[in-house]
Every structure is written in C-alpha cells, then in structure tokens.
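Visitor: I am new to this structure and would like a close look at a single part of it, set carefully against the rest.

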Amino acid sequence: FPYTTLFRSLIANTYHELAHPKVVLGRLHLALTAGGRLVIADRGPLSTNAEHAIDPALVEAELRRHGFDILSRDNHFLDQPGEGPWWLIVARKAPL
C-alpha cells in the first residue's frame with residue numbers, strides 16, 4: 001500500500017498464517033495514516049485447532065514493537081462452535 005493511505009485495516013482469521021508478521025506490521029504501519037486503526041481477530045490458545053491459533057499476548061507485543069498503541073483487547077471476543085474462543089485487538093498507529 002502507498003504510505004499513509006489507509007484509515008483502517010482488518011486482519012481476521014489470518015494472523016496465525018503469516019510467515020513474516022513483522023514485515024506485514026511494518027508495512028501496515030507505514031500505510032496507515034496518523035491515528036489509523038488496525039483490528040486483528042484470530043483464534044486463541046484455547047482453540048481446539050491449535051495449529052491455527054495464536055496467543056494474543058504475542059500479537060500485542062509485536063504491535064507495540066512496531067509503533068502501535070493498544071486501544072482494546074478482548075480475549076473472548078467470539079465463541080466459534082467446535083473451535084473455542086477467538087480474541088480481538090484494536091490498535092492505533094501511535095502519534096509521532
């Protein structure tokens with residue numbers, strides 16, 4: 001994405017699949033406008049599908065390292081039948 005062109009971005013049920021999440025976060029940080037939001041939702045560590053799950057604490061730490069402020073985190077955002085709880089993080093590109 002071109003620099004500072006996104007106001008909002010959503011990563012849903014995908015973060016756990018990213019081979020290079022640090023690269024993705026770095027590029028999204030460049031693409032988001034000042035104060036732009038990034039929302040990430042994925043399966044949590046209690047999921048019955050462990051290979052398609054990720055700990056939200058790990059994602060939150062990666063977001064902070066890439067210049068995002070955490071606005072909210074819900075560790076039990078959604079209950080998918082047969083899968084267990086999903087989490088949701090809302091982050092903002094930190095002001096300079």
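How far is D69 covered: is D69 buried, partly exposed or exposed?

Guide: The model shown here is a predicted one, and in it D69 is partly exposed, with a relative accessible area of 27%; that value places D69 in the middle class, since buried means under 20% and exposed means over 50%. As for where it sits, D69 belongs to strand 3, a strand that runs over residues 68-80. Leaving aside residues up to four places away in sequence, D69 touches V90, A91, R92, A94 and P95. For one of these partners, V90, the separation can be given in two ways: D69 and V90 are 21 residues apart in sequence, and from C-alpha to C-alpha they are 8.7 Å apart in space.

To place that strand, it helps to step back to the whole chain, which has two helices and four strands. Followed along the sequence, these elements come in the order β-α-β-α-β-β. The radius of gyration of the chain is 13 Å, close to the 12 Å that the globule rule gives for 96 residues, so the chain is as compact as a globular protein of that length. Along the principal axes, the C-alpha atoms fill a box of roughly 40 × 25 × 20 Å. Of the 96 residues, 41% count as buried, and the chain exposes about 5600 Å², of which carbon and sulfur atoms supply 58%. Among contacts between residues at least 6 apart in sequence, 65% join residues at least 24 apart. There are 10 positive and 10 negative charges in the chain, and their mean positions lie 12 Å apart.

Strand 3 also has a part in covering helix 1, which spans residues 21-31 and in which P21, L25, L28, H29 and A31 are buried. Those buried residues cover an arc of only 165 degrees around the axis, which puts them on the same side of helix 1. On the face turned away from that buried side, helix 1 carries the exposed residues K22 and R27. What covers the buried residues of helix 1 includes strand 3 (68-80), together with strand 1 (6-12), strand 2 (32-43), helix 2 (56-65) and strand 4 (84-93).

Strand 2, another element of that cover, offers a residue to set beside D69, namely T33. T33 is buried, with a relative accessible area of 14%, whereas D69 is partly exposed at 27%. If residues up to four places away in sequence are not counted, T33 touches T4, T5, L6, F7 and K93.

One of those partners, T4, deserves a look of its own. T4 lies in the segment before strand 1 and is partly exposed, with a relative accessible area of 47%. Its backbone carries a positive phi, near 45 degrees, although T4 is a residue other than glycine. Most residues other than glycine have a negative phi. A positive phi is likewise found at N13, near 55 degrees and again in a residue other than glycine. N13 is placed in the loop between strand 1 and helix 1, where N13 is partly exposed, with a relative accessible area of 30%.

To return to the part you asked about, D69 is a partly exposed residue of strand 3, and V90 is among the residues that D69 touches.

How values were computed. Residues are numbered from 1 along each chain as its sequence is written. This is a predicted model: local features need pLDDT of at least 70, side-chain atom pairs count only at pLDDT 80 or more; totals for chains, interfaces and linings use all residues. Side-chain values use heavy atoms; hydrogens and water are left out. The radius of gyration is taken over C-alpha atoms; the globule rule is 2.2 Å times the number of residues to the power 0.38. Buried means under 20% relative accessible area, exposed over 50%, partly exposed in between (1.4 Å probe, protein chains only). Contact means heavy atoms within 4.5 Å. Accessible areas come from the Shrake-Rupley method with a 1.4 Å probe; for residues, only the protein chains shown count as cover. Lys and Arg count as positive and Asp and Glu as negative; His and the chain ends are not counted. The place of a charge is taken as NZ of Lys, CZ of Arg, CG of Asp or CD of Glu. The arc is that of the directions from the helix axis to the C-beta atoms.
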